[in-house]
Amino acid sequence: MNEEQSSLLLKSSSLFPPPQGVKLSYGTAGFRADASILQSTVYRVGILAALRSLKTQSVVGVMITASHNKVTDNGVKIVDPSGGMLSQEWEPVADQLANAQTPQTLLSLIEEFVKKEKITLDGVQSGEILLGRDTRPSGEFLLEAAKQGISSIFGAIALDLGILTTPQLHWMVRARNKGMEATESAYFELISSSFRSLVGLVPNETKSNNANNKVVVDGADGVGGEKLEVLKNMLTGLVIEVRNSGKGGGLLNDGVGADFVQKEKVVPRGFGSNDVGIRCASLDGDADRLVYFSVPTDGSSKIDLVDGDKILSLFALFIKKQLSILTNDGNEKTNNNFQPRLGVVQTAYANGASTDYLKQSGLDVIFTPTGVKHLHEKAAQFDIGIYFEANGHGTILFSEPCLSWLEARNNELTLVSEGSEQQKAALRLLLLSKLINQAVGDALSCLLLVEVILQHLGWSIHKWNELYQDLPSRQLKVKVVDRTAVVTTNAETVAVSPPGIQEAIDAETVKDSRGRCFIRPSGTEDVVRVYAEASTQEAADSLANSAAKLVDQFLGFGSSGQ
C-alpha cells in the first residue's frame with residue numbers, strides 16, 4: 001500500500017472514532033445496534049465493501065437497514081456480487097475492522113488483509129458500490145459515513161440509490177453484474193409486467209371465482225409500504241390497499257409488520273373487526289419478509305395466520321403442477337430429455353404439519369441448519385429450489401440449465417401448439433422466474449406471486465389456510481453458562497453434546513404421538529433455544545418445559561427462563 005493511500009485512510013478514520021466499550025459482530029443481518037453508535041462501523045463497512053469490489057472486480061452493495069428492529073436501531077450489511085450475502089470468509093474481517101480501536105490499528109489490519117487477498121490499491125483498478133437505505137431518519141447520516149469509507153479507498157466509487165427495500169438493492173447488484181439495467185424502474189417494470197402476463201394466463205374457469213381480487217397490506221410504516229404505493233398502480237387484475245405506509249405518522253415496526261404479526265398472532269395497528277373475511281398481508285420493516293392473515297369473526301384481536309410455511313406450500317404446489325403438465329407430453333418428439341429437479345428446503349423450525357403435507361404431496365423436502373445462508377445454498381442445488389422460513393422470508397431459485405430448458409420448450413411449443421396447456425405451463429414458469437427475486441427473499445415480489453397463484457386456483461385465503469392444520473408448538477430460551485457446550489447435527493435436530501441429553505429429550509418426546517423437540521445454541525446470546533411441538537398446546541408446552549429443565553440439569557446454570 002502506498003503512502004498516499006495510507007495517509008488517506010489514517011486521516012478519514014480519525015473522523016470516525018469507534019464507540020467505547022462496545023464490541024460488534026457481523027451476523028446474518030450484518031451489524032445491528034442503536035443508530036447513535038454505528039457511524040464508525042458503517043464507515044469501516046464502506047472500506048470493506050470497496051475492498052470486496054476491487055477483489056471480485058464486480059459491483060457490490062451496501063444496505064443500511066435494521067429490518068424489523070425498532071426505529072432507533074439501524075444496521076449495515078454488504079451485498080455480494082451474486083446479489084446474496086457477504087461471503088462467510090469475509091465476516092471475521094468485518095468484525096476486526098469494526099472493533100479496531102485506533103486509526104493505526106485499523107490501517108495495519110487493512111494492510112495485512114490487502115496483502116493476504118492480493119488486492120491492488122493503486123487507483124488503476126476500479127470498484128463500484130451501490131448504496132441503499134431504508135426510511136429510518138438515521139439512515140441519512142450513516143449513508144454519509146459509508147460514502148466516506150468507500151472514498152477512502154483509491155479506485156472505489158459509491159453510487160447512492162437513495163431509499164430502497166433491502167431486496168431491491170440485492171436485485172440491483174445481481175442485475176448489474178449480469179449486465180442488465182439495474183434501476184428501481186427496471187425492477188418495478190420486470191415484476192409488474194411478469195405479474196400482468198401471469199394474470200393473463202389465469203384459466204377461464206377460475207376467472208369467474210375471482211370476484212375478490214383485493215388484498216389489504218400492512219406496510220410496517222416502512223419502506224415496503226412506500227414502494228407498494230408505487231407498484232400497485234402498475235398492476236392489472238389486483239387491487240392493493242396499503243395501510244401503515246409510513247406516510248400517516250405511524251412509527252416503523254411499532255405494533256405493525258410481519259415480525260410482529262407472526263410472533264404475536266394479533267392484528268397490526270390499523271386493522272380490526274371491519275376487516276373480517278378480507279385477505280390481509282404484512283411486510284416487515286425493509287420488505288424482505290411477508291406473512292398473510294385474516295381477521296376471524298369472533299371479535300378478538302387474534303388472527304388466523306398464514307405464515308412462510310404455507311406460502312412455501314402454495315408455491316411448491318403450483319410449480320409442481322406446471323412441471324407435471326409440461327413434462328407429460330405423450331408421444332410428441334420434443335426436446336424433453338431434461339428432467340428438472342424440484343426441491344423444497346426448510347429448517348427444523350418449520351411446523352411438522354407443513355413438512356408432512358409437502359412430503360405427502362410428493363415433494364422432495366431437505367432440511368438445513370437455521371439461517372438464510374444455509375437455505376439459499378441448499379436450494380441452489382436443485383433445478384428449481386424453494387426455501388422459506390416460518391417468519392415469511394424465502395424465495396425460489398432457478399438453475400441456468402433449467403431456464404435454458406424452459407426457454408427452449410416454450411419456443412418449441414409456441415411453434416407446434418401455441419396456446420396449449422403445455423405451452424402455457426412453460427410460459428408460466430418462465431414468467432415466475434422473472435417475477436420472483438432470485439437474489440433474496442422479497443416481500444413485494446412474493447406478494448404478487450401469492451396473489452396470482454390464488455387467482456389461478458380460484459382460492460380464498462381460507463381455502464389456502466386449510467391446506468393443513470399447524471401442530472401446536474412452543475419455543476423457550478434457557479440461560480446457560482456456555483452455549484457452545486451444545487453441539488448439534490442433522491440440521492440441528494439432534495444434540496450430540498452434552499452426552500445423554502438427546503436420549504433424555506427423546507424419552508420425553510415419545511410421550512406424545514406427534515411429539516417433536518430439539519435444542520440448539522443461540523447464534524447471538526448465551527442461551528439455548530428449545531422448540532417443541534405436539535398434538536395439543538398443553539402437550540407442546542409440557543414437552544418444551546421438560547426439555548428446558550433437562551438443558552438446565554445438563555448445563556448446570558441452575559435456573560431456566562422463557
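How many helices and how many strands are there in the protein?

## Overall make-up

The protein has 19 helices and 19 strands. Helices (H or I, at least four residues) and strands (E, at least two) are DSSP runs, numbered from the N terminus. This is a predicted model, in which local features need pLDDT of at least 70 and side-chain atom pairs count only at pLDDT 80 or more, while totals for chains, interfaces and linings use all residues. Residues are numbered from 1 along each chain as its sequence is written, and side-chain values use heavy atoms, with hydrogens and water left out.

For 562 residues, a compact globule would have a radius of gyration near 24 Å, and the 25 Å of the protein agrees with this. That radius is taken over C-alpha atoms, and the globule rule is 2.2 Å times the number of residues to the power 0.38. The C-alpha trace spans about 70 × 65 × 50 Å along its principal axes. Of the 562 residues, 56% count as buried, where buried means under 20% relative accessible area, exposed over 50%, and partly exposed in between (1.4 Å probe, protein chains only).

## The five-strand sheet

One open sheet has five strands in the order 1-3-2-4-5, with mixed pairing. Two strands pair if DSSP finds at least two bridges between them. Strand 1 (31–34) and strand 5 (156–163) are the edge strands, and each pairs on one side only. From one strand to the next, the twist averages 15°.

Strand 2 (residues 59–64) and strand 4 (residues 127–133) run parallel and are joined by six bridges. Within this pair, Val-60 has Ile-129 in strand 4 as its bridge partner. Helix 5 (residues 139–151) lies across strand 2, strand 3 (73–79), strand 4 and strand 5, at about 170° to strand 4. For such angles, axes are lines fitted to C-alpha atoms, for helices over the stretch in contact, and angles run from 0 to 180 degrees between N-to-C directions. Contact means heavy atoms within 4.5 Å.

## The four-strand sheet

Another open sheet has four strands in the order 12-11-13-14, again with mixed pairing. Strand 12 (364–367) and strand 14 (394–398) stand at its edges with a single partner strand each, so one side of each has no neighbour in the sheet. The twist here averages 20° from one strand to the next.

Strand 11 (residues 342–346) pairs with strand 12 in the parallel sense over four bridges, and Gly-343 has Asp-364 in strand 12 as its bridge partner. Helix 13 (residues 372–379) packs on the sheet and touches strand 11, strand 12, strand 13 (384–388) and strand 14, and its direction makes about 160° with that of strand 13.

## Strand 13 and its neighbours

Five of the five residues of strand 13 are buried. Ile-384, Ile-386 and Phe-388 lie on one side, with Gly-385 and Tyr-387 on the other, and both faces are covered.

Strand 13 runs parallel to strand 11, joined by four bridges, with Tyr-387 as the bridge partner of Val-345. With strand 14, strand 13 pairs in the antiparallel sense over five bridges, and Ile-386 stands opposite Ile-396. The hairpin of these two strands has five residues between them, and Gly-392 takes a positive phi near 100°.

## Helix 18

In helix 18 (residues 501–509), the buried residues include Ile-501, Gln-502, Ala-504, Ile-505 and Thr-509. What covers the buried residues of helix 18 includes strand 17 (494–497), strand 18 (516–521) and helix 19 (537–555).
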